[in-house]
Amino acid sequence: MKLLLVEDEERMAQLLRRGLSEAGHQVDVCERGEDALQQGMDVPYDVVLLDWNLPDLDGLAVLRRWRERGLRTPVMLLTARGTVGEKVVGLRAGADDYLAKPFAFEELLARLEALHRRGDAGTPVRHIGPLVLDARRRVLRHGDQEQPLTGREFALFQELAGHVGEVHSRSELLMRVWGDAFDGPPNIVDVYVGYLRGKLARLGVGSAVSLQSVRGVGFRLVRGEAP
C-alpha cells in the first residue's frame, strides 16, 4: 500500500514509518496539517493515517477539508483521545476508522489492511460515454489506455462528471475543489481544465467526451459521439 502518515511527533513518526516500511508499505510523512492538506489531494494514497493533534491545523480540520473537496481515500485517525464522544466526533468528521494511542502495531496493520479492502470493494467506477473514471485508482481509462490523475485533477473531473452537460462557474469549482480557504489565482481552474484536456487528448476520446468553456461563466463536461 501507498500510505500518507500525518504525525508531528518525530519519534512516533520514525517508528511508524520504519515498521510500515518493513511490512512492505510505501510511506510518506507530513508533520503539518497544511502540508498534508495539499499532499493528500495531489498524491493517490491507498490509506491515510492522520494524527488528531497537529501544530497548525488539527487533524479534524484537515479531514473535513479533504472530504469537502471530494477526497475519498480511507482515513484512520490516530489520537490519545479515546472517549466514546471523541470517537463519534472523529467518525462524523469523515474518518473511516479510529485508533487510540497507545496501540499494538499488529492491530494497526490489521486495520490498515481492512480499510484497504473496504476501499477496493466500495469504489465507484463511473462511465461517461466510452470513458471510465476509476475513483479508487484515480485514473481515466479509454479502451486499453489510462491516464493517472492527481488528487486535484480527480476532484475537478469528478465534480464536472457528476453533472454532465451542466455549466459550472469558476467560483463554484474553486469552492468545491479548492475550498473557501484558497487564496491563489482564480485562473487556477483554467490551468487544471487544461491539464485534463491534455489527458483526454492523450486517451484519444476525440469529441466523445470533452471539456467545454462557456464564455464568461465557466466549464462543462459534454458527452458526444464515440470516435
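So, E153: setting aside neighbours within four places in sequence, this residue is in contact (heavy atoms within 4.5 Å) with P148, Y192, Y195, L196 and K199. A word on what we're looking at: this is a predicted model, where local features need pLDDT of at least 70, side-chain atom pairs count only at pLDDT 80 or more, and totals for chains, interfaces and linings use all residues. Residues are numbered from 1 along each chain as its sequence is written, and side-chain values use heavy atoms, with hydrogens and water left out.

Okay, where does E153 sit? It's in helix 6, residues 151-161. When I say helix or strand, I mean DSSP runs numbered from the N terminus: H or I with at least four residues for helices, E with at least two for strands.

Is E153 buried or exposed? It counts as buried, because its relative accessibility is 5%. The cut-offs, using a 1.4 Å probe and protein chains only: buried is under 20% relative accessible area, exposed is over 50%, and partly exposed is in between.

Now look at K199, which is buried as well. The side chains of E153 and K199 make a polar contact at 2.7 Å. That term means a pair of N or O atoms within 3.5 Å; within protein, one must be able to donate a hydrogen and the other to accept it, and residues adjacent in sequence count only if both atoms are side-chain atoms. E153 and K199 also form a salt bridge, with the closest N and O atoms 2.7 Å apart. This pair links distant parts of the chain, since E153 is in helix 6 and K199 is in helix 8, residues 188-203, 46 residues away. For a salt bridge, we ask for a side-chain nitrogen of Lys or Arg within 4 Å of a carboxyl oxygen of Asp or Glu.

How many salt bridges does that rule give? The count is 11. Take R67 and D96, whose closest N and O atoms are 2.8 Å apart. R67 is in helix 3 (59-68), and D96 is in the loop between helix 4 (84-92) and strand 5 (97-100), so this salt bridge ties together parts 29 residues apart in sequence. R67 is partly exposed at 22%, and D96 is partly exposed too, at 29%.

Another one joins D134 and R141, at 3.6 Å between the closest N and O atoms. Here D134 is buried, at 8%, while R141 is partly exposed, at 23%.

Let's stay with that part of the chain. D134 falls in strand 7, residues 131-134, which runs antiparallel to strand 8, residues 139-142, with three bridges joining them. Across that pairing, V132 stands opposite R141. Both strands belong to an open sheet of four strands, in the order 6-7-8-9, with antiparallel pairing. Which strands are at the edges? Strand 6 (125-128) and strand 9 (145-148), each pairing on one side only. To count as paired, two strands need at least two bridges found by DSSP.

And helix 8, the one with K199? It lies across strands 7, 8 and 9, running at about 165 degrees to strand 9. Angles like that come from lines fitted to C-alpha atoms, for helices over the stretch in contact, and run from 0 to 180 degrees between N-to-C directions.

On to the rings. A pair of aromatic rings is described by the distance of the centres and the angle of the planes. Rings of Phe, Tyr and Trp (its six-membered ring) pair if their centres lie within 6.5 Å; planes under 30 degrees apart are stacked, over 60 edge-to-face, and the rest tilted. We have two aromatic pairs here. W52 and Y98 are edge-to-face, 6.4 Å centre to centre with 80 degrees between the planes. W52 comes from the loop between strand 3 (47-51) and helix 3, and Y98 from strand 5, 46 residues apart. W52 is buried at 5%, and Y98 is buried at 7%.

The other pair brings back two contacts of E153: Y192 and Y195, edge-to-face at 5.0 Å and 70 degrees. These two are three residues apart in helix 8, so about one helical turn separates them. Y192 is buried at 14%, but Y195 is partly exposed at 41%.

Last stop, strand 1, residues 2-6. Why call it largely enclosed by the rest of the structure? Because five of its five residues are buried. K2, L4 and V6 point one way, and L3 and L5 the other. Strand 1 pairs with strand 2, residues 26-30, in the parallel sense over five bridges, and V6 stands opposite C30.
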